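Take a moment to look over the sequence and the 3D structure together before reading on. The paragraphs below are meant to be read with both in view.

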Amino acid sequence: MKILVCVKQVPDTEEIKIDPVTGSLIREGVPAILNPLDACALEAAVRLKEAYGGTVTVLSMGPPQAKEALKQCVAVGADEAVLITDRAFKDADTLATSYALSMTARQLDAFDLIVCGKHTLDGETGQVGPQIAEHLDWSQVTHVMDMKVEEGKLLAVREMEEGREVVEAMLPCVVSVTKTLYKPRYPTIKSKLAAGKKEILTLSADEIENLDKERIGMAGSRTKVAKSFTAPTGQAGMIIQEETAEASGRKLAQILLEAKLV
Ligand SMILES: Cc1cc2nc3c(=O)[nH]c(=O)nc-3n(C[C@H](O)[C@H](O)[C@H](O)COP(=O)(O)OP(=O)(O)OC[C@H]3O[C@@H](n4cnc5c(N)ncnc54)[C@H](O)[C@@H]3O)c2cc1C
């Protein structure tokens, strides 16, 4: 199986700051990490490779420092790593991002499967995986917690709020995965050292065949940030800590009664 995993480097913080003028995230000076769910996507791909053979390629669109995240992926099982990086990709919304990723996927190889994370830690739209499937006109399965291949088809278990759903999809297919079963493995010192020496294929916008420049970066983005603001934080709460859970419950009931809330 030829598997492509899309990975994004995200700011290592939950305190994301937004530029009040442009409405974009401020990324400068914030340490970056591999998007946690993309580590799960890679784990899913490496398990499939171990079960059926084949290769795993990781692909990222981002600044040159995203190479670090790609090397981290090589250390835990990716065979090849590709970074598409260019100022022309800047200010891309999810549509422009997924277009650039899908055009690169077409050029790189005849993949059977593309694996994405369910969403990222920063943008958190969950749109990029499904949009890649649309650009490529492939089948897609979201919220995947487990999968296998049987008779050339993908059998995926979807993690739903109300239970589990098993679906069958034709290959090639794009899936987005959850973290429940895909706990990422740790690299070894040896694999880390080897990954450090791995050459990352770096492509600019001009090196991606048939890429329509009107569909990437700001030109290709259909989303405009109309307004952004930081929501006011709530007032400090109260922690009830009696000796037993029962006593805490009684105290809570008393407070609610006194406040005429029940
Ligand atoms: C107007 C506007 C301007 C923006 N400008 C910028 C900018 O200049 N720089 C910037 O970094 N972001 C920018 N963004 C944010 C950018 O559009 C999103 O970060 C990006 O499209 C991915 O969306 P997401 O984070 O919601 O990913 P999701 O859809 O939540 O991600 C799902 C999965 O898709 C894959 N994926 C997502 N993004 C990538 C990627 N880049 N490479 C590989 N795989 C990926 C991963 O597997 C991920 O788990 C901008 C957004 C808007 C609306």
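What follows goes from the protein chain as a whole to the surroundings of its ligand.

It should be said at the outset that this is a predicted model. The protein chain contains six helices and eleven strands, and its C-alpha trace spans about 70 × 50 × 40 Å along the principal axes. Of the 262 residues in the protein chain, 37% are buried. When contacts with a separation of 6 or more are considered, 70% of them are accounted for by residues that stand 24 or more positions apart in the protein chain.

Turning to the surface, the protein chain exposes about 15600 Å², and 53% of this area is supplied by carbon and sulfur atoms. The protein chain also carries 31 positive and 38 negative charges, whose mean positions are 3 Å apart.

Now look for the ligand, which is surrounded by 28 residues, the closest being Cys6, Lys8, Asp38, Ala92 and Thr120. Which backbone atoms lie within a few ångströms of oxygen atoms of the ligand? A polar backbone atom of Asp91 is 2.9 Å from an oxygen atom of the ligand, a backbone N or O atom of Thr94 lies 3.4 Å from an oxygen atom of the ligand, and a polar backbone atom of Gln127 is 2.8 Å from an oxygen atom of the ligand. Of the 940 Å² of accessible area that the ligand has on its own, the protein covers 86%. Two or more residues of the shell around the ligand come from each of the elements β4 (55-61), α3 (94-108) and β6 (113-117).

Conventions. Residues numbered from 1 in each chain as written. Predicted model: local features only at pLDDT ≥ 70, side-chain atom pairs only at ≥ 80, totals over all residues. Heavy atoms only, no water. Helix = DSSP H or I, 4+ residues; strand = E, 2+ residues; numbered from the N terminus. Buried < 20%, exposed > 50% of the residue type's maximum accessible area, 1.4 Å probe, protein only. Contact = heavy atoms within 4.5 Å. Areas by Shrake-Rupley, 256 points an atom, 1.4 Å probe, with all protein chains shown as cover. Lys, Arg positive; Asp, Glu negative; His and termini not counted. Charge placed at Lys NZ, Arg CZ, Asp CG, Glu CD. Near = heavy atom within 4 Å. Polar contact = N/O pair within 3.5 Å; in protein donor to acceptor, adjacent residues only side chain to side chain.
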